[in-house]
Amino acid sequence: MDVFRSGLSGAFNGGGLEHLLQQQQQQQQQLTSATTTGTTVAGTAPSRMVGSGNVSAHTTVHVTTSTEVDPFDEKRIDEIRRTLRMLEDIGHGRHIINWTELVDPSQPVESAKKISAALARPTTVPGAISSVAECITTPAHLSIVALLDPPFLAKVRDAVLQDLLNALTMVHESNPMPVCSEMLVEMVKLNLVVLRGVASTLEALLSDPNSRRAAIAALGKLADQKRGNEVFLGAMQNLEPLVRMIDEPEYEYDCLAISRLLGWGGAHRAASLVPVKRMDHSSPVTAMTYFRQRDELVSATFDGTVTIWGTPHPSTGDVKAAVALDLPQYCVPVAMDGPPRGNYLLIAGMPFPAVNVQTMELERGSINSNVMNNSFNSSGKKRSSFATVSRGPIVRLLTCNESTGAWTSGETITRKENVTLTTAAALASFVVCTAESGPSDKLSESGLQHDLVLLNGHTSQFLRRFERVHDDYTTIIRAAEDGDRILFTGSRDSVVKVWDIRSGNNRAGLTTAATMSALATPLHRLKGNHTDTITAILPHRKALLTASLDGSFLVWDARRMTAPMHEVRLKDPILDLALADSGYVVISTARGLKLFSLESLKAHDIIPNVAFTQLKANNDGSIIFAAGNSGVSIYALHR
C-alpha cells in the first residue's frame, strides 16, 4: 500500500517530525563513535534518513581504527572522512551508477526511463533510492519523479519528501526554505501527494516558529494556484485559525493574501477592495490622471496613444474611449496631470530611440509587423501625427470647454534636445511646471543639473526656473490642493521638498532631508527620512503622505514638517498611493495592492500578486483606478 497517497504517512502528516529529529541525533552519535573510538564498520556508512544505506551482499568493506584519533590530527581525520565518504558512495550505489548524470530535467521522459531501468537491476543496492532523491533538488526535477515506473515512484517520492522535511525542520547555515516550499507546491501540482497529507504537514510547520516561513510561502503559492478550487479550500480550512493567530509583522502581507485567496474572514474585514473590471490597453500604461469634476479618466500608453475615457454605460458598465490622440512617433508619455478646476490636460512626452521602443515592444509581445513598417501604432490605428518625429521633450496641452465638456487641441511646447523631462504638473491659471535634467549652462560647472521650469500654457512663454532643486532626477511633482502656489517635489535622491513658486527665492521652503540639494546647510533635519527614490507625494487636508521604494510610508503635519506624525515600514517597494474613502489609503507595492487604515495604521485587505505603477481615486474615494502593464484595473472600496 502506498502509505503517503493514502494519507497515513507519519512524516508528512506532522506526526513524525520529532521522530526525525531524534533519528538524526542518533545517527550523528554513531558517526562520532566510529571516528573517535576503536570501532569496526562493516558494510555500513553514515546514511541519510531515507533509505537503509546498506551495502549490497556482494560487497564487504572493513575499516578498523585501533587507536583513538587525536582531534588535532587533521591529516588522520581527513583520511577517515574520505573513507566514510567512500562507504557512503558504496552504500548508495554510486560506485556502480552516476545518478546525477541520469537526472536531466530538460528530458524528463528519458531520464525517468533510465532511472527506472537502473533501479530495476538486481545489483542495485537499497540505498540507491536515497541517491536518486539526493539529485532531486529543484521543482523541475520533480517531473522526472512523476514519470518513474510505479514500483519506484512512491519510494523516490517519499525519500524526497523526507528530505524536504529535514530541510524545513533542522538548522542549516543556508536558508533552504524558498526552494523547499516551491518543491512542495510542485508536488501538489503534479499530484504526487494528497491534499490531506499536505494540510497536515502545513499545520505542523505553521505551529513551529522555525519552519513557519516555509509553510506560509508554500501555502501562499498553493492558494494562488488553487484559488476557487473547492476541494483544495475544504482541505485547507483547518489552517485558518493558525494563520489568524500569526501576529509577526513580517508575515502580515502573506497572511492577509492567503486569507484573501482562500476566502477566509470576508465578513470580519472592516473594509476591502473588490475588483470591478479591467480596461485593457494595447501597450503598458505609462501615465494616468483623473478629472473629478466630470468623472473622466485619461490614460497614456507606451506606444504614444492618449485616451480620454467616457462615462460607464448605465446598464453594462462598459467604458469606451471618448477622445483618442497620438503623440509624435516614438514619443513616450512620461507624465499627465490636470489642475483642480479641470479646464486643461497636460501631457509630457520624451522621445525614445526607435530601436529601444521596438525592442521593448517585441519583448512584451505587443508589437506587430505594421509597427515595424512604421505604418500604424500597436492598436492598429493610423497615427494622426505620424510624419512628425520629436527630437526633444514635448509638453502637449488640451483645453476643455467647461460648459460642454468638449476637448480641443492646445499648445505643443518643445523643450531642448539635450534635456530629459522626467515629470510635470498642471497648475492653476494655465501655468505648467516641468522637471528637467540636463547639462549645466555654466562653463565652470559639469554634470547634470536638475531644475524645475515654469511655462505659460497659453503662449509657451518661459516664466521661471528653479535651479538645482535636487541632487538627482526629479521623480514626482504634486501641487497643493488649492493648485495655486505650493509645490511638492520628490527625487531619486530620496528627498521631498516643498516650494512656494510665488516667492522671490529659488530655494525650497521646507525639506524632508538632512541637507539641501545644492547647499550644504540644511533647512530642516528630520527623523525617519526616506532612503530611496520618492515614488508618491499625496497632499491631504493638513497632512502630507509620502512613500518611497525603500518601503517607507510617512504621514507628515503639512504645517510644520519637522518630523513625521506616523511612520510605516513595509517589506516591499512602494510604487504609488491613493486616498480612499473613510480614512483609508491604497498602497501599491511590488507584490500587490494594500488597503491601509490611517486611523489604526494597519492593513485591512490585500490584492496579492499584482503590480501597478500608478493609482488614482475618484471624487469620493469609493473607486480606485490602478494602471500597469496590462491596462487599468478598477476596484471598489467595500465597507
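These legends go with a set of close-up views of a predicted model.

**View 1. Helix α9 and what it buries.**
Here's α9, running over residues 195–207. The helix has 13 residues and reaches 18 Å from its first C-alpha to its last, close to the 18 Å expected at 1.5 Å a residue. Plenty of α9 is tucked away: Gly197, Val198, Ala199 and Thr201 are buried, and so are Leu202, Ala204, Leu205 and Leu206.

**View 2. Helix α10, residues 212–225.**
With 14 residues at 1.5 Å each, α10 should span 20 Å, and its end C-alpha atoms are indeed 20 Å apart, so the two values agree. Buried residues in α10 include Arg212, alongside Ala214, Ala215 and Ile216. Further on, Ala218, Leu219, Leu222 and Ala223 are buried as well.

**View 3. The α9 and α10 packing.**
Two packed helices are described by the angle between their axes and the distance between the axes. For α9 and α10, the angle is about 140° and the axes lie 7 Å apart. Angles over 145 degrees would count as roughly antiparallel, and α9 and α10 are therefore oblique to each other. Their crossing is left-handed. On the α9 side, the contact is made by Val198, Leu202, Leu205, Leu206 and Ser207. From α10 come Arg212, Ala215, Ile216, Ala218, Leu219 and Leu222. Several of these turn up among the buried residues too, including Val198 and Leu202 in α9 and Arg212 and Ala215 in α10.

**View 4. Strand β17, covered on both faces.**
In a regular strand the side chains alternate between the two faces of the sheet. In β17 (residues 486–491), 6 of the 6 residues are buried. Ile486, Phe488 and Gly490 point one way, while Leu487, Thr489 and Ser491 point the other way, and all are buried.

**View 5. The neighbours of β17.**
Strand β16 (residues 474–479) pairs with β17 in the antiparallel sense, over 5 bridges. Look for alanine 479 of this pairing, standing opposite leucine 487 in β17. Strand β18 (residues 496–500) is another antiparallel partner of β17, again over 5 bridges. Here glycine 490 stands opposite valine 496 in β18. β17 and β18 form a hairpin with 4 residues between them. In that turn, serine 494 has a positive phi of about 70°.

**View 6. An open sheet in the order β3-β30-β29-β28.**
The 4 strands of this sheet pair antiparallel. β3 (272–280) and β28 (614–617) are the edge strands, each with a single partner, so one side of each has no neighbour in the sheet. From one strand to the next, the twist averages 25°. Zooming in on the β28 edge, β28 and β29 (residues 623–628) pair in the antiparallel sense over 4 bridges. One spot to pick out is alanine 617, whose bridge partner in β29 is isoleucine 624.

**View 7. An open sheet in the order β4-β5-β6-β7.**
This sheet has 4 strands with antiparallel pairing. β4 (285–291) and β7 (321–326) stand at the edges with a single partner strand each, so one side of each is left without a neighbour in the sheet. The twist averages 15° from one strand to the next. Inside the sheet, 3 bridges join the antiparallel strands β5 (residues 296–301) and β6 (residues 305–309). Among the residues to find there is serine 299, with threonine 307 as its bridge partner in β6.

Methods
Residues are numbered from 1 along each chain as its sequence is written. This is a predicted model: local features need pLDDT of at least 70, side-chain atom pairs count only at pLDDT 80 or more; totals for chains, interfaces and linings use all residues. Side-chain values use heavy atoms; hydrogens and water are left out. Helices (H or I, at least four residues) and strands (E, at least two) are DSSP runs, numbered from the N terminus. The expected span of a helix is 1.5 Å times one less than its number of residues. Buried means under 20% relative accessible area, exposed over 50%, partly exposed in between (1.4 Å probe, protein chains only). Two strands pair if DSSP finds at least two bridges between them. Axes are lines fitted to C-alpha atoms, for helices over the stretch in contact, and angles run from 0 to 180 degrees between N-to-C directions. Angles under 35 degrees count as roughly parallel, over 145 as roughly antiparallel, 65 to 115 as roughly perpendicular and the rest as oblique. A crossing is left-handed if the near helix is turned anticlockwise from the far one by less than a right angle, and right-handed if clockwise. Contact means heavy atoms within 4.5 Å.
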